Amino acid sequence: MVGLGEEAKLDAEALRRAAGHAVKEAAARRATKMTLAVAALRRMRAPVVAQALTEGAILGGYRFDAYKEKGKDEPGEVAAVQLSFDRVPDLRAARQALKRGTILAESQNVARELSNQPGNALPPAALAREARRLGRQAGLRVRVLAPAELEKRKLRAILAVGSGSANTPRIIALEHRPKRGKTAPDTLCFVGKGITFDSGGISIKPSAGMDEMKHDMSGAAAVLGALRACALLNVPHHVVGVIGAAENMPGGSAYRPGDIVTSGSGKSIEILNTDAEGRVVLADALHYAKKEYKPRAIIDLATLTGACVVALGRWATGLFGNNERLIELLRRAGEATAERAWPMPLWEGHRKAVRSEVADVKNTGAGREAGSSTAAAFLAAFAGDTPWAHLDIAGTGWTTHPGPYQPRGATGVGVRLLLELLNGWKDARLD
C-alpha cells in the first residue's frame, strides 16, 4: 500500500513519487513484475495518471551499477510494471500517455547514465560516439566537429578550454526533423555544456568534491536525452541540439589566466579564471547554433555556477534570458514537470560587470557578487538578439539527496521540461 496523501492536493508529481517508491520497494523484495492498482481519482484524468505513474516507475527503477559486481545483497530489477484501472473512459488516450511517459522517462535515464559515467570513460570523443549511437537508434542526424574543423571555423574559445587535455574537444550537433505528416515551421535549438571533466584547469579546484565534476556535462546529457525523446515522439518541430564538449585540465599547453582568446563570433574574451570554462565553451556553441541553424529561439542548459546553488539549492534551476515570454513558457513547463525553473535577474549592471578593459568581455564578473547573473550576462553577449534562455542546473543536475524516484547521482533534469515546452511551442509567441 502506498499513500497518495490528500486527494485535494494530489497532482502528477505525487503520483510520480508514489510509483517510484513502489518500484523501489518491489525491487528490494526482488520482485521482477508488479502491478500498480490505481485508485479511482476524481480530480485527475486517466491519461494524466497513466503518464505520471509510468514516469515515476521507470525513473524510480533506475540505478547506476554498470561498474559493480552483482552481489546477493543488491536489490532486484523490476522488469515489467502493469497499470490496473477500475475504469478508463478513453483507453486509447491512456495508452498513448503511457507510451509518452515511457519515452520521456527512458530518455531522462539516458541523460542520467551519461552524466554518471566517469570522466575516463566519457571524454569528448566518446561523448560524440554516444551521440552517433543514439542518433542511429532514434533517427537523428548527427554531425561532429573535430579540432581541425573547429580551427577552420575559428571556434577558438572551445579549443582554448580543451588545450590542456590530451582529450581534444568536439562540437556535436543532433538534428530532429518531423517525419511525413508533421510540420516544422521553425527551428528551436537546445545547447548543452559538455565539460566531460572539470579540474578547474590552471585555476585548479580544491580536491574535496572534485570527483563530482564528471557531472559537469549534465547539460549536454540533457540535450541528448531531449533530442532522443523528440525523435521517438516525432514532435512536429525542427529541433536541434548543439553540445560543446571539452575536458578542462591543467596541462602544459593549457590556457592561462590573463590570456585573451577570440571566439567564433569574433568577440574576444579575457580569461580571468580558467575554472569559469563552461561559459567560454558555450560562447562558441551558441554562436555555432545561431549561425548554422538561424533558430527562432535558443535554450542552453549548463552546470554553470556555484552561486546558483547558493541561491536556489537543489530545489530549482536558475532561469535567465532576454525574452520574457520564453522565460515564462519555461517556468510553466518546469512547474508542470516538477523540474522547477526560477526566474533570476539579468540587468544592465550585470552586463557591464563582464565588460573587459582589454577585450570585448571577460569570463568572470564582479568577484562573488551575483555570480549566476554575471555568468548569464556573459552568455547573453553571444546570444545577441535571438530569443534566448539559460538554465543554470548547477544545483539540480545531480544530487546527494535520493528521493522516491531519484537515486544519488545524476538527475537528468531538463529532459521532461524541454519536451513539455515543445508541447505548446506551435502557438508560442515570443514577440
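# Briefing: Asp284 and its surroundings

Asp284 is buried and yet forms no salt bridge; Arg156, the nearest side chain of opposite charge, lies 8.5 Å away. A salt bridge would need a side-chain nitrogen of Lys or Arg within 4 Å of a carboxyl oxygen of Asp or Glu. The model is predicted. The points below start with Asp284, pass to Ala160 and helix α13, and end with the protein as a whole.

**Asp284**

- Helix α8, which covers residues 278-293, contains Asp284.
- Beyond its neighbours within four places in sequence, Asp284 has contacts with Leu155, Arg156, Ala157, Ile158 and Ile171, and also with Ser263 and Gly264.
- Arg156 therefore appears twice in this account: as a residue in contact with Asp284, and as the nearest side chain of opposite charge, at 8.5 Å and without a salt bridge, since that term is kept for a nitrogen-to-oxygen approach within 4 Å.

**Ala160**

- Ala160 is placed in helix α6, which runs over residues 156-161.
- The relative accessible area of Ala160 is 8%, so Ala160 is buried, the cut-off being under 20%.
- Tyr255 and Val261 are touched by Ala160 when residues up to four places away in sequence are not counted.
- Between the C-alpha atoms of Ala160 and His238 there are 31 Å, with the two positions 78 residues apart along the chain.

**Helix α13**

- Residues 415-423 make up helix α13, which is mostly covered, with 7 of its 9 residues buried.
- Those buried residues are Val415, Arg416, Leu417, Leu418, Leu419, Leu421 and Leu422.

**Whole protein: fold and dimensions**

- The protein contains 13 helices and 15 strands.
- Its radius of gyration is 21 Å, in agreement with the value near 22 Å expected for a compact globule because the chain has 431 residues.
- Along the principal axes, the C-alpha atoms fill a box of roughly 70 × 55 × 40 Å.
- Among contacts with a separation of 6 or more, 79% are between residues 24 or more positions apart.

**Whole protein: burial, surface and charge**

- Buried residues make up 56% of the 431 residues of the protein.
- The accessible surface is about 19,300 Å², and carbon and sulfur atoms account for 50% of that area.
- There are 60 positive and 45 negative charges, and their mean positions lie 5 Å apart.

Key. Residues numbered from 1 in each chain as written. Predicted model: local features only at pLDDT ≥ 70, side-chain atom pairs only at ≥ 80, totals over all residues. Heavy atoms only, no water. Helix = DSSP H or I, 4+ residues; strand = E, 2+ residues; numbered from the N terminus. Buried < 20%, exposed > 50% of the residue type's maximum accessible area, 1.4 Å probe, protein only. Lys, Arg positive; Asp, Glu negative; His and termini not counted. Contact = heavy atoms within 4.5 Å. Rg over C-alpha atoms; globule rule 2.2 N^0.38 Å. Areas by Shrake-Rupley, 256 points an atom, 1.4 Å probe, with all protein chains shown as cover. Charge placed at Lys NZ, Arg CZ, Asp CG, Glu CD.
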